[in-house]
Amino acid sequence: MSNYELEFQIREIIIYALKRRVNYEGFVKAIVKALYPNLSIYAEPELVRKLKALIELINNTEKPKTPYDMPIEEVKQITANWKGSKYLVDDLGLPEIYEILRYSMQLGRNINLTRILAFINPWGNTAAFKLAFDEGSMREIARNYVTDFIRGQDELVHEIFGKFMNIEDLISSMNNKLRTNIIHLVKHDLEIKDNSLLIMADHGYDIECESAMCRLCHGNGCIKPIFSLITPLVILR
Ligand SMILES: [Zn+2]
């Protein structure tokens with residue numbers, strides 16, 4: 001079963017940001033500001049407030065004790081029976097989910113039909129997700145559920161964004177790489193009218209800052225994993 005409170009808040013944040021016409025970079029800035037209020041960057045105040053509430057919710061949500069306790073039966077069922085396009089993504093952050101919805105809206109898709117199921121991945125990594133699925137690798141999961149497998153996002157998070165850089169550089173580089181990459185990969189399927197898409201990911205990532213130097217991390221690669229603990233299932237109709 002999806003964590004409904006989590007699902008509800010994520011949805012509200014995304015719908016709010018879309019209404020305010022926040023772009024990808026603005027969305028990332030709001031996340032950074034919610035995590036680090038003292039950093040001198042500007043972000044939409046109400047969006048920051050909503051993200052702070054989400055952070056609190058994630059921190060206070062009871063986590064599954066082990067990966068086997070992740071309630072992902074629903075994910076397996078929906079994915080196995082899905083008729084439209086299917087993707088399995090290694091590492092999908094909230095900003096990229098936002099961007100996929102933003103792009104869908106630009107294409108004229110009805111965002112109200114979108115659902116973003118959310119689960120807590122207790123370790124915030126691929127290993128926990130594989131255990132929850134009881135499969136040996138992400139490729140095996142992709143093969144058994146007949147999904148495309150996108151692993152480039154996680155590689156970017158580690159190879160490019162794993163080291164600290166100036167916050168402005170980090171955000172513009174995320175915009176050039178993480179955003180561009182995911183849109184490039186799902187664009188074609190999104191543009192097909194009446195095609196429904198399912199995008200499943202194993203975990204997200206966090207933004208970690210020391211003064212104005214920041215980097216991306218997930219799971220135990222972070223001092224305090226928060227957003228990386230989200231395992232999303234995005235359904236676009
Ligand atoms: Zn990783």
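In this predicted model, Asn175 counts as buried because its relative accessibility is 14%, which falls under the 20% that marks the limit for a buried residue. Asn175 belongs to helix H9, the run of residues 167–191, and, once its neighbours within four places in sequence are set aside, Asn175 is in contact with Tyr24, Glu25 and Thr180.

From here the path leads to the aromatic side chains, of which the structure holds three pairs. One of these is formed by Phe27 and Tyr98, whose rings are stacked, with 4.3 Å from centre to centre and 10 degrees between the planes. Because Phe27 lies in helix H2 (residues 24–35) while Tyr98 lies in helix H5 (residues 94–106), this pair ties together parts that are 71 residues apart in sequence. Phe27 is buried, with a relative accessible area of 0%, and for Tyr98, also buried, the relative accessible area is 0%.

Phe129 and Phe133 form another aromatic pair, this one tilted, with the ring centres 4.9 Å apart and the planes at 45 degrees to each other. Here both partners are drawn from a single element, helix H6 (residues 126–133), in which Phe129 and Phe133 are four residues apart, or about one turn of the helix. Both of these phenylalanines are buried, and together with Tyr145 they make up one aromatic cluster.

The ring of Phe133 also takes part in an arrangement of another kind, since the charged end of Lys76 sits over this ring, 5.7 Å from its centre. A comparable placement can be followed at Tyr16, where Lys50 lies over the face of the ring at 5.2 Å from the ring centre.

The last stop is among the strands. Strand S2, which spans residues 115–120, is mostly covered, with five of its six residues buried. S2 runs antiparallel to strand S8 (residues 230–236), and six bridges join the two strands. Within this pairing, Ala118 stands opposite Pro232 of S8, which gives the reader a convenient point from which to trace the two strands in the model.

Taken together, the walk has passed from buried Asn175 in helix H9, through the stacked pair of Phe27 and Tyr98 and the cluster of Phe129, Phe133 and Tyr145, to the antiparallel strands S2 and S8.

Conventions:
Residues numbered from 1 in each chain as written. Predicted model: local features only at pLDDT ≥ 70, side-chain atom pairs only at ≥ 80, totals over all residues. Heavy atoms only, no water. Buried < 20%, exposed > 50% of the residue type's maximum accessible area, 1.4 Å probe, protein only. Pairing = 2+ DSSP bridges. Phe/Tyr/Trp six-rings, centres within 6.5 Å; stacked < 30°, edge-to-face > 60°. Lys NZ or Arg CZ within 6 Å of the ring centre and 35° of its normal. Contact = heavy atoms within 4.5 Å.
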